[in-house]
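Work through the following exercises with the sequence and the model side by side. Each task is followed by a solution in steps.

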Amino acid sequence: MQKLAFASLMLAAPLLVNAAPPQSTSNRGDGAGGCGWGSLLFDGNSGVGAHIFAMTTNGSFGNATFGMSSGTLGCDPSQPIRYKGGRVYISANMTKLAEDIARGEGETLDGLSEVMGVAAADRPAFNALAKSHFDRLYPNEAVTSDQVMDTLQALLKADPALSKYAG
Amino acid sequence: MSAPARWLLCVCLLLPTVAGALPEARPLQERAERLDLAHDEAWLALGHYRRNWLGAGYASDADDPGFFLAAQGKADPAAELNATLAALLSPGSGDRHPQCRFPARARWLQQRLHFDLPERRCKALAEWRSTLKAHEVSLIFPTAYLNSPSSMFGHTFLRLDREGQTDSSALLAYTLNYAAEAVDENELFYAYRGLFGGYPGVLGVRPYYDKIKEYRDFENRDIWEYRLNLSPAEVAQLVDHSFELQPVRFDYYFIGENCSYRLLALLDVARTGLRLRAEFPWRAIPADTVRAIVAAKLVADTRYRPSAATVLTAHADQLGNAERRLAKRLKHGDTSPDDTELTRLAPMRQAAVLETAYESERFRALDDKLERDATAKSSLALLRARSRIAAASPLKAPQAPAVRDDQGHKPAAFGLGAGFYDHRAYGEIRLRSAYHELTDPWPGYRPGAQIALLDGSLRYYEDNRLQLERLDAVNIRSLSPRSEFIQPLSWSIGLGAYRRLMRDSRPLLGSLSGEVGWSYPLAGGIAYAMAGARLDAGGGLESGAQIGLGPRAGWLYRGLGGQGMAAFELDCYLIGSAYCGGKLSLRHAINLGRDLALSFSLSREQGQDRSASEVGFSLMRYF
C-alpha cells in the first residue's frame with residue numbers, strides 16, 4: 001500500500017524534486033553530513049531479489065536520482081554540489097568503488113573523479129592517493145559510505161596537490 | 001490525489017479560457033485541417049496513436065486522461081490536435097500551461113504551422129532539460145538472462161549522453177527506462193498482470209551506474225550499447241517528449257506494449273518517418289526491436305559491456321592451473337592472503353590471483369544470495385591485500401563476441417522436411433513462433449540456452465495419414481556449464497504434446513516435463529547429465545495419465561559447418577503398465593546463412609516391447 005501511494009505520488013507530480021518524498025531522508029540512516037544514505041560496504045547482498053525489486057519498481061524516479069544535481073537530499077546547504085554528488089555516488093557504488101580503489105584504477109573510480117570534478121591531469125594522483133590509503137578508507141566491513149567520504153575529504157585536504165577538490 | 005484526477009482538474013480549469021481563445025486558434029486549426037496534420041505520422045507518434053484492429057479509427061496507447069487535452073482525445077487525433085492548438089494559445093503561465101506541459105507537441109505544431117508562442121517560463125521543463133543534459137542518445141540492451149523468466153528476451157532502455165562524454169563519465173549519464181510499476185510481491189500475480197496489462201507502465205529516470213549494477217552485477221547480463229546518430233534537434237524533441245510522457249500511465253503488457261515498444265515510440269517521435277512502431281503490431285521482443293533500430297540506420301557505433309560472470313570467466317582463463325587453485329582457496333578462506341604460496345608469486349601474478357578470487361567471491365555472494373555477514377569480512381581482506389600490491393592488473397577484459405545479440409538468426413522459424421519413421425516415408429511442415437533452439441545457428445545466441453514458444457510439426461505419411469507430430473507450447477532449456485568458479489544448475493521445462501511409442505500405437509499425449517542436472521564444457525561444446533521427470537496424459541494411455549522418471553545425457557557441439565546435439569533419454573513409467581522407454585538421437589544442422597539451415601536427424605526409439613528408427617532432414621528458414 002505504501003508503494004502504491006508512493007507510485008501515485010510519483011505519477012501525480014511530474015517533478016517532485018522540490019518536494020522531496022518524506023522517506024528520502026527520514027527512513028535512511030543519515031551520515032555525518034546529514035546527507036546521502038550511508039550505504040554499507042558490500043550492501044545489497046542479503047536478499048538480492050527483494051533488493052532489486054525495490055530498486056527497480058519503487059525507485060523509478062527516486063529522489064536520489066535528481067537529488068544528485070539539485071541537492072535535495074537534506075544535505076548541509078553550505079556544501080558545494082560536487083561534494084554532495086560525491087556522497088550520493090559513493091553511496092550508490094560502494095562495492096564496485098572499493099574494488100577499483102584496491103586496484104588503483106577502474107571505471108567506477110573514474111566516475112567518482114568525474115563527480116568530484118577532478119581534472120584529468122590529477123586523476124593518477126587521486127587514484128594513487130585513494131589506493132595507498134585503502135586501509136583508512138575501508139577500516140572494516142561495517143564502514144558506511146558517509147565515513148568513506150569523510151575520510152576521502154580528510155585525505156584530499158591533507159594533500160597539497162589535491163586539496164582543491166576537498167568540499 | 002492520483003494523477004488522472006489531478007490532470008482532469010487541470011483540463012477542466014482550462015476549458016473556459018480555451019473557449020475564449022478560440023478565435024485566435026481557429027485559422028490555425030483550419031490550416032491544420034487542410035494539411036491533414038492530425039493524421040501526419042509525427043502527430044500520430046506524439047499522441048501514441050495506432051490504427052484500430054477493426055475499421056479505420058485510431059486509439060492511443062496512453063491510458064491516462066491527463067495525456068489528452070480533448071475529452072475524446074484517446075480515440076480522435078484531430079480533436080486532440082485542435083484542442084492542443086487552442087490550449088497552446090490560451091492565456092496563463094507556469095508549469096501547468098500546455099506550452100510547458102507539452103513542449104514536443106508545441107514545437108512540432110509551430111514548425112508545421114509557422115506561428116509564434118510567447119516566451120513562457122517553464123520551471124519543471126527547464127529543470128528536466130538541464131538535469132538530463134542530453135546531447136546524444138544511446139540504446140542500451142542488456143541481453144537475455146535465462147534464469148529469470150521475465151527477462152528471457154532481454155530488455156532495452158535509453159541512455160542520454162552528455163556533450164563530451166567519455167566512457168568513464170557515461171556511468172553518470174541518466175537513463176530513460178520504461179517499466180511496469182509492479183506492486184505485487186507474488187510471482188504468480190506478477191506474471192498474470194504482466195501478460196494482461198494489469199500494471200501501469202511508467203517512464204523512469206536513473207543514473208546509468210544504477211542500471212549497470214542491476215544488470216551487469218546482480219543479474220549477470222552482458223550489455224550492448226548502441227550509440228544512435230540522432231541529431232541535436234532530434235535529441236531535443238526526444239527529451240521534450242519524454243517530459244510529456246513522464247507522468248503518463250501506459251498499461252504494461254510483457255509481450256506487446258512493453259519496455260522496448262515504448263522506446264520505439266520515443267524514437268518515432270524523435271525522427272519522423274522511422275515508423276518503428278508499425279513493425280511490431282502485436283509483439284516486441286527486445287532483440288527484434290534492436291534489429292529494427294539497426295536496420296533503420298540509427299546506430300553510429302556499438303560497445304560491449306561484459307557481465308560480472310563473463311568477466312570472472314575470462315579472468316579465470318588467464319590464470320595458470322596452480323594460480324586458479326590458489327584463487328579458489330583464497331575465496332573459500334582456506335588460504336590467507338598472507339600465505340607464502342601467494343606472496344612468493346611475482347606482484348603482478350599476485351594481483352591477478354587476488355582480483356579473480358575477489359570477483360569469484362562477489363559472484364558467489366550475489367548468485368547464492370548469501371547473507372552479507374558471510375562474505376563481507378573475507379571480501380574486504382582480499383581487497384586489502386590487493387591494495388598493498390602496487391602493480392597494475394595484468395588481467396585483460398573479455399573480448400566482445402564477434403556476432404552481437406541482434407545479429408543472430410531471426411526468432412520465428414519455418415521448416416520443410418522429409419524422412420522415414422519406422423520404414424514409412426513422411427513429409428513434414430514445421431512452424432515456430434519464437435525464439436532459439438539448441439541446434440539452430442548459434443552465432444548471436446547464448447550457448448546452451450533454448451527458448452521455444454509455440455513450436456509445432458505436422459506430418460503427412462505415405463499411407464495418407466495427416467498427423468500432428470509434436471506441439472510445444474513452451475520449451476526452455478538452460479545448459480549452463482560449470483567451472484571452478486561458476487557452478488550453476490542446468491535445467492529445462494517443457495509443456496506441450498508429443499507422440500510416444502506404445503505397444504501397438506503411437507498416441508499423441510499432453511506432456512509436462514522438467515529436468516535438472518549439471519553441464520560441463522566438453523571439446524568446445526557442452527555436455528550434460530540430468531535427472532528428468534514427465535507427466536503424460538491422454539486418451540492413448542490406459543490409466544489416462546502416467547509419470548515417467550529417468551536420466552538424460554547429451555552433448556551439444558559446434559563444428560562441421562554448424563552445430564549439433566547427441567542426446568539420450570530414458571523414462572521409466574510408474575503407473576499402469578510399468579516399463580522403461582527411451583530414445584537415442586543425433587541432430588546436426590549446417591548453417592547456410594544467417595537465416596537458413598539444413599538439418600539432419602537420426603534416432604532410435606524404444607517403446608513398450610517395440611522400437612522404431614527414424615531418419616530425416618529438413619530445411620529451416622528463420623524470419
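## Exercise 1: Aromatic residues

Phe67(B), Phe68(B), Phe102(B), Tyr178(B) and Phe250(B) form one aromatic cluster. The model is a predicted one.

Task: for the pair Tyr178(B) and Phe250(B), state what kind of aromatic pair it is and which strands it ties together.

Solution.
1. The ring centres of Tyr178(B) and Phe250(B) are 6.3 Å apart, and the angle between the planes is 85°.
2. Planes over 60 degrees apart count as edge-to-face, and the pair is edge-to-face.
3. Tyr178(B) belongs to strand β5 (residues 174-180) and Phe250(B) to strand β8 (residues 250-252), both of chain B, so the pair links parts 72 residues apart in sequence.
4. Tyr178(B) has a relative accessible area of 2% and is buried. Phe250(B) also counts as buried, at 2% relative accessibility.

Task: do the same for Phe157(B) and Tyr215(B), and state whether the rings are stacked or edge-to-face.

Solution.
1. In all chains together there are 16 aromatic pairs.
2. For Phe157(B) and Tyr215(B), the centres are 6.0 Å apart and the planes are at 25°, so this pair is stacked.
3. Phe157(B) is in strand β4 (residues 157-161) and Tyr215(B) is in helix α8, both of chain B, so the pair ties together parts 58 residues apart in sequence.
4. Both Phe157(B) and Tyr215(B) are buried.

Task: name the ring over which Arg424(B) lies, and the ring over which Arg459(B) lies.

Solution.
1. Arg424(B) lies over the face of Tyr461(B), 4.9 Å from the ring centre.
2. Arg459(B) lies over the face of Tyr426(B), 3.8 Å from the ring centre.

## Exercise 2: The loop after helix α8 of chain B

Task: locate Glu219(B) and Asn220(B), and decide whether each is buried or exposed.

Solution.
1. Glu219(B) sits in the loop between α8 (208-218) and β7 (223-228) of chain B. Asn220(B) is placed in the loop between α8 and β7 of chain B.
2. A residue is buried when its relative accessible area is under 20%. Glu219(B) has 16%, so it is buried. Asn220(B) has 18%, so it is buried.
3. The side chain of Glu219(B) makes a polar contact with the side chain of Arg221(B), at 2.7 Å.
4. Glu219(B) and Ala144(B) are 75 residues apart in sequence, while their C-alpha atoms are 9.9 Å apart in space.
5. Arg221(B) is also among the residues touched by Thr143(B), including Asp222(B), Trp224(B) and Arg446(B). Thr143(B) lies in the loop between β3 (136-142) and β4 of chain B, and its relative accessible area is 0%, so it is buried.

## Exercise 3: Backbone exceptions

Task: list residues with a positive phi, and find a cis peptide bond.

Solution.
1. Most residues other than glycine have a negative phi, and most peptide bonds are trans.
2. Asn220(B) is not a glycine, yet has a positive phi of about 55°.
3. Asp422(B), also not a glycine, has a positive phi of about 50°. Asp422(B) is in the loop between β10 (413-421) and β11 of chain B. At 22% relative accessibility, Asp422(B) counts as partly exposed.
4. The peptide bond from Ala434(B) to Tyr435(B) is cis, with omega near 20°. Tyr435(B) lies in strand β11 (residues 424-436) of chain B.

## Exercise 4: Cores

Task: state how many residues the largest nonpolar core has, and which helix gives the most to it.

Solution.
1. The largest nonpolar core has 88 residues. Among those with the most contacts inside it are Leu81(B), Leu109(B) and Leu267(B).
2. Helix α10 (residues 259-270) of chain B gives the most to this core, with 8 residues.
3. A second, separate core has 65 residues, and includes Tyr89(A) as well as Leu326(B), Leu330(B) and Leu380(B).
4. Leu81(B) touches, beyond four places in sequence, Trp43(B) and Trp108(B), among others.

## Exercise 5: Confidence in chain A

Task: find where the pLDDT of chain A is below 50.

Solution.
1. Chain A has a mean pLDDT of 67, and 54% of its residues reach 70 or more.
2. The pLDDT is below 50 over residues 1-36 of chain A, and under 50 over residues 45-74 of chain A.
3. Where pLDDT is low, the predicted coordinates should not be read in detail.

How values were computed: Residues numbered from 1 in each chain as written. Chains lettered and ligands numbered in written order. Predicted model: local features only at pLDDT ≥ 70, side-chain atom pairs only at ≥ 80, totals over all residues. Heavy atoms only, no water. Helix = DSSP H or I, 4+ residues; strand = E, 2+ residues; numbered from the N terminus. Buried < 20%, exposed > 50% of the residue type's maximum accessible area, 1.4 Å probe, protein only. Polar contact = N/O pair within 3.5 Å; in protein donor to acceptor, adjacent residues only side chain to side chain. pLDDT = per-residue confidence, 0-100. Contact = heavy atoms within 4.5 Å. Core = buried A, V, L, I, M, F, W, Y, C linked by side-chain atoms within 4.5 Å. Phe/Tyr/Trp six-rings, centres within 6.5 Å; stacked < 30°, edge-to-face > 60°. Lys NZ or Arg CZ within 6 Å of the ring centre and 35° of its normal.
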